[in-house]
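This briefing is meant for someone meeting the structure for the first time. Please keep the sequence and the 3D view at hand while reading the points below.

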Amino acid sequence: MKLINLIGFPHARLQEFLLEHRIEPYRAHQIFIWIYHYKVYDFDSMTNLSKALRALLGEHFHISLPRIQAKTTSQDGSVKYLFELEDGLTIESVWMPSDERKTLCVSTQVGCRLACAFCLTGTMGLKRNLTSSEILGQQIAVNEDLDEDNQVTNTVLMGMGEPLDNYDATVDAVRLMILPEALKLSSRRVTLSTAGQVDLIKKFQEEDLPVNLAISLNATDNKTRQDIMPINKKYPIEVLMECLRNYPLKPSRRLTFEYVMLGGINDRDEDARRLAKLLHGIPNKVNLIPFNKFAPSEFDPPDEEQVLSFQQYLLAKNYTVFIRRNRATDILGACGQLAAQPLSPAPA
Ligand code: SAH
């Protein structure tokens, strides 16, 4: 029988497993504390469990993390982690320090099927979904690699992949990120980002997982958005915005809109005007992300002046707008630069 990795395994399912074996379900709590709080990964050291229970766990489960294959440090202090998975595929996470927080950007898929034209991960196609162990394991492995002062305080699901396309594993992992017995981050400090999978956003809002939602909008008219994000054919802007207008936000929470700025494509004054109209009435903040170039790309970064005047226009309309300082560009660790493979195409 194949052993199941307990990292990423849902708390409720461990309780069910225990009940099936006539063991008190509260033992799940103890097991989780050993794993996630004490970082004890062998059952025999879980001394408040009976010998019989430890043996039973050993027969069904194992505990393991993705292996850090390489680490690259950027001039700005960010660290890109390359992980090797059990089947030899690789993924990346990027750790980004600032004074008040340490943010980890984690991957949810090896590659991605959405093929956004400006995104390097999109050029890989989808190799496979990550398991919830692999999604959560990135954060745990990074924390183990770092000292006490540098532990991850904020997680963004903005690495390789479209989180909602790997729905179940992502939801399981996010639940454990905020569970007090597991990684115990505040739900305000976890952000799931989507390219705009409307049906799955509607499903996600039923999960009672009050983490932040970010939407990669990236254009303000359907023609442009369709050209750069094929998903827009399935869910055009008006359908997406209608869904977001009805998204149940807790008081004082806002949706985040990400907007990659591509020189001459979506950075014009008329885009700023349309964006202001689209966002009207939705509690939001906007992150403008100047395009990060990678070698074989047809796009150019926007003019700095244009970025500032785009921001200025929205600020004047009383929106909250940040220009996302590009992190880790020198190590291809910035938004849309994660691919975990050499940039040149593999020989045929
Ligand atoms: N698939 C999800 C999660 C990935 S998030 C999503 O689309 O939201 C990655 C973010 O980086 C997205 O907001 C995307 O629009 C942005 N991005 C992708 N490629 C980029 C690039 N080359 N330069 C700047 N931002 C990019």
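How many bridges join S11 to strand S12 (residues 255-261), and do the two run parallel or antiparallel? Three bridges join S11 to S12, and the two strands run parallel. The model described here is a predicted one, and the points that follow begin with the sheet to which these strands belong before turning to the helices and to one buried residue.

**The sheet as a whole**

- Ten strands make up an open sheet with mixed pairing, and their order across the sheet is S3-S4-S5-S6-S9-S10-S11-S12-S13-S14.
- The edges of this sheet are formed by strand S3 (67-73) and strand S14 (321-323), each of which pairs on one side only.
- From one strand to the next, the twist of the sheet averages 20°.
- Helix H5 (residues 167-178) packs on the sheet, where this helix touches strand S9 (154-157) and S10, and the direction of H5 makes about 160° with that of S10.

**Strand S11 and its neighbours**

- Strand S11 (residues 212-216) is mostly covered, since five of its five residues are buried.
- The cover extends to both faces of S11, with Asn212, Ala214 and Ser216 buried on one side and Leu213 and Ile215 buried on the other.
- Strand S10 (residues 190-194) runs parallel to S11 and is joined to S11 by four bridges, and within this pairing Ser193 has Ala214 of S11 as its bridge partner.
- Between S10 and S11 the chain passes through helix H6 (residues 198-204), and the resulting β-α-β crossover is right-handed.
- Ala214 also has a bridge partner in S12, namely Thr256.

**The hairpin of S3 and S4**

- Strand S4 (residues 79-84) pairs with S3 in the antiparallel sense, and six bridges connect the two.
- Among the residues paired here, Ala70 stands opposite Leu82 in S4, while the bridge partner of Lys71 in S4 is Tyr81.
- S3 and S4 form a hairpin with five residues between them, and Gly77, which lies in the turn, has a positive phi of about 95°.

**Helix pairs**

- A pair of packed helices is described by the angle between the two axes together with the distance between those axes.
- Helix H1 (residues 11-20) packs against helix H2 (residues 27-37) at an angle of about 130°, and their axes are 9 Å apart; H1 and H2 are therefore oblique to each other.
- The crossing in which H1 passes H2 is right-handed, and the residues that meet there are His11, Leu14, Gln15 and Leu18 in H1 and Arg27, Ala28, His29, Ile31 and Phe32 in H2.
- Helix H4 (residues 132-145) and H5 have axes that come within 8 Å and cross at roughly 35°, and the crossing of H4 and H5 is right-handed.
- On the H4 side this contact is made by Ser132, Ile135, Leu136 and Gln139, and on the H5 side by Ala169, Thr170, Asp172, Ala173, Leu176 and Met177.

**A buried glutamine**

- Gln109 is located in strand S7 (residues 109-111), and Gln109 counts as buried because its relative accessible area is 1%, whereas the cut-off for buried is under 20%.
- Leaving aside residues up to four places away in sequence, Gln109 touches Ile91, Leu126, Arg128, Asn129, Leu130, Met160, Gly161, Glu162, Asp165 and Asn166.

How values were computed. Residues are numbered from 1 along each chain as its sequence is written. This is a predicted model: local features need pLDDT of at least 70, side-chain atom pairs count only at pLDDT 80 or more; totals for chains, interfaces and linings use all residues. Side-chain values use heavy atoms; hydrogens and water are left out. Buried means under 20% relative accessible area, exposed over 50%, partly exposed in between (1.4 Å probe, protein chains only). Two strands pair if DSSP finds at least two bridges between them. A crossover is right-handed if, with the strands pointing away from the viewer, the path from the first strand over the helix to the second runs clockwise. Axes are lines fitted to C-alpha atoms, for helices over the stretch in contact, and angles run from 0 to 180 degrees between N-to-C directions. Angles under 35 degrees count as roughly parallel, over 145 as roughly antiparallel, 65 to 115 as roughly perpendicular and the rest as oblique. A crossing is left-handed if the near helix is turned anticlockwise from the far one by less than a right angle, and right-handed if clockwise. Contact means heavy atoms within 4.5 Å.
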